[in-house]
Amino acid sequence: MAVIDTIIVFVISLLIGAFGIYVGASVLTDYEDYTYAIVTALIGAIVWAVVGFFFGWIPLLGALLTLIAYITVINLRYPGGWGRAIGIALIAWVAVFVVLYVLAAIGFVTFDALGVPGI
């Protein structure tokens, strides 16, 4: 059962993350393709995990390298350069936070998932 739960959490997280990228890309570029955002989110998650595995242990620098790697994926997948890639990532973060907040407010997830301890 734990494997099925892990797969469900991964798929839901991927879809929510892709939604964030989709919103960011829709606002800042002409791309309005959710499937493209899903692929971008999947590649971004893989790159984030690999870079985090190798460099995440380095204080501050590890987190910065991981974030730069993620933004690089967005930069390579969407037009507009580094500024737009950073904008897409920022809008994606806000959109995902809003979705998770709403899901927590209706009781689908806990506020702990948002990093807000026991409200």
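Tutor: Contact here means heavy atoms within 4.5 Å, and with that cut-off in hand we can ask what surrounds the helices of this predicted model.

Student: What covers the buried residues of α2?

Tutor: The cover includes α1 (2-28) and α3 (61-77), and the residues of α2 that are buried are Ala-37, Thr-40, Ala-41, Gly-44 and Val-51.

Student: What puts those buried residues on the same side of α2?

Tutor: They cover an arc of only 110 degrees around the axis, which is why they are assigned to the same side of α2. On the other side, Thr-35, Phe-53 and Phe-54 are exposed, a word that asks for over 50% relative accessible area.

Student: How do you know that the span of α2 is close to the expected one?

Tutor: Helix α2, which runs over residues 34-55 and has 22 residues, reaches 30 Å from its first C-alpha to its last, and this is close to the 32 Å expected at 1.5 Å a residue.

Student: And how do you know that the span of α4 agrees with what it should be?

Tutor: The 25 residues of α4 should span 36 Å at 1.5 Å a residue, and because its end C-alpha atoms are 36 Å apart, the two values agree. The buried residues of α4, among them Ala-85, Gly-87, Val-96 and Leu-103, pack against α1 and α3.

Student: Why is Asp-33 said to cap the N-terminal end of α2?

Tutor: A side-chain oxygen of Asp-33 lies 3.1 Å from the backbone nitrogen of Thr-35; a polar contact requires a pair of N or O atoms within 3.5 Å, and the pair at 3.1 Å meets that distance limit, so Asp-33 is described as the cap.

Student: Why is Thr-66 called buried?

Tutor: Buried means under 20% relative accessible area, and Thr-66 has 5%, so the term applies. This residue is found in helix α3, where its side chain reaches the backbone oxygen of Gly-62 at 2.7 Å. If residues up to four places away in sequence are not counted, Thr-66 touches Trp-48, Val-51 and Gly-52, and Val-51 is one of the buried residues of α2.

Student: Which helices supply the lining of the largest pocket?

Tutor: α1, α2, α3 and α4 (81-105) each supply at least two residues of that lining. The largest pocket has a volume of about 820 Å³, and of the 28 residues that line it, the closest to its centre are Ser-13, Ile-16, Gly-17, Val-96 and Leu-100.

Notes: Residues are numbered from 1 along each chain as its sequence is written. This is a predicted model: local features need pLDDT of at least 70, side-chain atom pairs count only at pLDDT 80 or more; totals for chains, interfaces and linings use all residues. Side-chain values use heavy atoms; hydrogens and water are left out. Helices (H or I, at least four residues) and strands (E, at least two) are DSSP runs, numbered from the N terminus. The expected span of a helix is 1.5 Å times one less than its number of residues. Buried means under 20% relative accessible area, exposed over 50%, partly exposed in between (1.4 Å probe, protein chains only). The arc is that of the directions from the helix axis to the C-beta atoms. A polar contact is a pair of N or O atoms within 3.5 Å; within protein, one must be able to donate a hydrogen and the other to accept it, and residues adjacent in sequence count only if both atoms are side-chain atoms. On a 1 Å grid over the protein atoms alone, a cavity is a set of points where a 1.4 Å probe fits but cannot get out, and a pocket is an open set with protein on both sides within 12 Å along at least five of seven lines; lining residues have an atom within 4 Å of a point. Grid points are joined across faces, edges and corners, and a volume is the space filled by probe spheres set on the points.
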